[in-house]
Amino acid sequence: KGDVIYIPRAIRVQVLGSVRAPGVYVLSVGSRLMDAIAKAGGLSEDADASGVLLTQKADGEKGAVGGTVTRLIQVDRILEQGQSEENRGLADGDMIFVPRVKREVVVVGEVAKPGVYRIDKGSRLMDAIALAGGPTPRAALEAVCIFEQSRISSTREVQIGMNNLLFQGNAVDNPPIKAGDIIYVPETKRLDWSKVLSFLSGLKLVKDLFMR
């Protein structure tokens, strides 16, 4: 007699994508984005912390689709700088999606094993060529091409060696590469653009891989 039972309100939030334990979680009212990610075990190793998507009820906001609005949250800023405005409050029915970071590049042409390769953060051109088994004896290392983000309009020609010998220790000759780049190792010192374009036209599958 005289006891009081208090049942607090709760919200249910979905946490999907590259977290250690995706699922639906029950949180207390007033919980924030990082509380939900922590409940899901935290970010996995392949998570893209700079592109987390938070979908919430629109409440009359501009840009709403189907009664909801999706915001891009830079969780890496929260982790590094404690950005409180990025750590948004949650409501019942919210959904958090943590995408997988894209780390693939394509290496084609005169390399031992042309293909799609996963690179680490901070990788450089020679790292990608090494993943592809290194240059063949016919490779013209004086005219290696990097098509940034798979675009022909963003082409860099790099001299990473001469007479089939790789340069060593020169950062200028070994530039950084990014996910989505296509690296083409030609057979001749003078680029045959018809051959380059034929290589790229046969790589539609590559574009599909990057857009997944």
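A pocket, as the word is used here, is an open set of grid points where a 1.4 Å probe fits, with protein on both sides within 12 Å along at least five of seven lines. By that yardstick, the second largest pocket in this protein holds about 230 Å³ of space. Keep in mind that you're looking at a predicted model. Here's a quick tour of the chain, its cores, one buried strand residue and that pocket.

**The chain overall**
- You'll find five helices and 12 strands in the protein chain.
- The chain runs to 212 residues, and 41% of them count as buried.
- Take the contacts with a separation of 6 or more: 57% of them are between residues 24 or more positions apart.
- Accessible surface adds up to about 12600 Å², with carbon and sulfur atoms accounting for 53% of that.

**The nonpolar cores**
- In soluble globular proteins, nonpolar side chains tend to be buried together.
- The largest nonpolar core here has 22 residues, and the ones touching the most other members are Val13, Val15, Leu33, Leu43, Val75, Leu90 and Ile96.
- Strands S1 (10–17), S2 (23–28), S3 (52–57) and S5 (95–98), along with helices H1 (33–39) and H2 (75–81), each give two or more residues to this core.
- H1 is the top contributor, with four residues.
- A second core sits separate from that one; it has 19 residues, including Tyr117, Val158, Ile183 and Val185.
- Back in the largest core, what does Ile96 touch beyond its neighbours within four places in sequence? Its contacts are Val13, Gln14, Val15, Leu16, Leu33, Ala36, Ile37, Val52, Leu53, Leu54 and Leu90.

**Ile73, a strand residue**
- Ile73 belongs to strand S4, which covers residues 68–73.
- Is Ile73 buried or exposed? Its relative accessible area is 2%, and buried means under 20%, so Ile73 is buried.
- Setting aside residues up to four places away in sequence, Ile73 is in contact with Leu33, Ala49, Ser50, Gly51, Val52, Leu54, Ile78, Glu86 and Arg88.
- One of those partners, Leu54, is 19 residues from Ile73 in sequence, and their C-alpha atoms are 7.0 Å apart.

**The second largest pocket**
- Which residues line the second largest pocket? The list is Leu43, Ala47, Asp48, Ala49, Ser50, Asp76, Leu79, Glu80, Val101, Arg103 and Lys121.
- By type, the lining splits into five nonpolar, one polar and five charged residues.
- Leu43 appears in this lining and also among the residues that touch the most other members of the largest nonpolar core.
- Ala49 and Ser50 line the pocket too, and both are in contact with Ile73.

Technical notes:
Residues are numbered from 1 along each chain as its sequence is written. This is a predicted model: local features need pLDDT of at least 70, side-chain atom pairs count only at pLDDT 80 or more; totals for chains, interfaces and linings use all residues. Side-chain values use heavy atoms; hydrogens and water are left out. Buried means under 20% relative accessible area, exposed over 50%, partly exposed in between (1.4 Å probe, protein chains only). Contact means heavy atoms within 4.5 Å. Accessible areas come from the Shrake-Rupley method with a 1.4 Å probe; for residues, only the protein chains shown count as cover. On a 1 Å grid over the protein atoms alone, a cavity is a set of points where a 1.4 Å probe fits but cannot get out, and a pocket is an open set with protein on both sides within 12 Å along at least five of seven lines; lining residues have an atom within 4 Å of a point. Grid points are joined across faces, edges and corners, and a volume is the space filled by probe spheres set on the points. Ala, Val, Leu, Ile, Met, Phe, Trp, Tyr, Cys and Pro count as nonpolar, Asp, Glu, Lys and Arg as charged, and the others, Gly among them, as polar. A nonpolar core is a set of buried Ala, Val, Leu, Ile, Met, Phe, Trp, Tyr and Cys residues joined through side-chain atoms within 4.5 Å.
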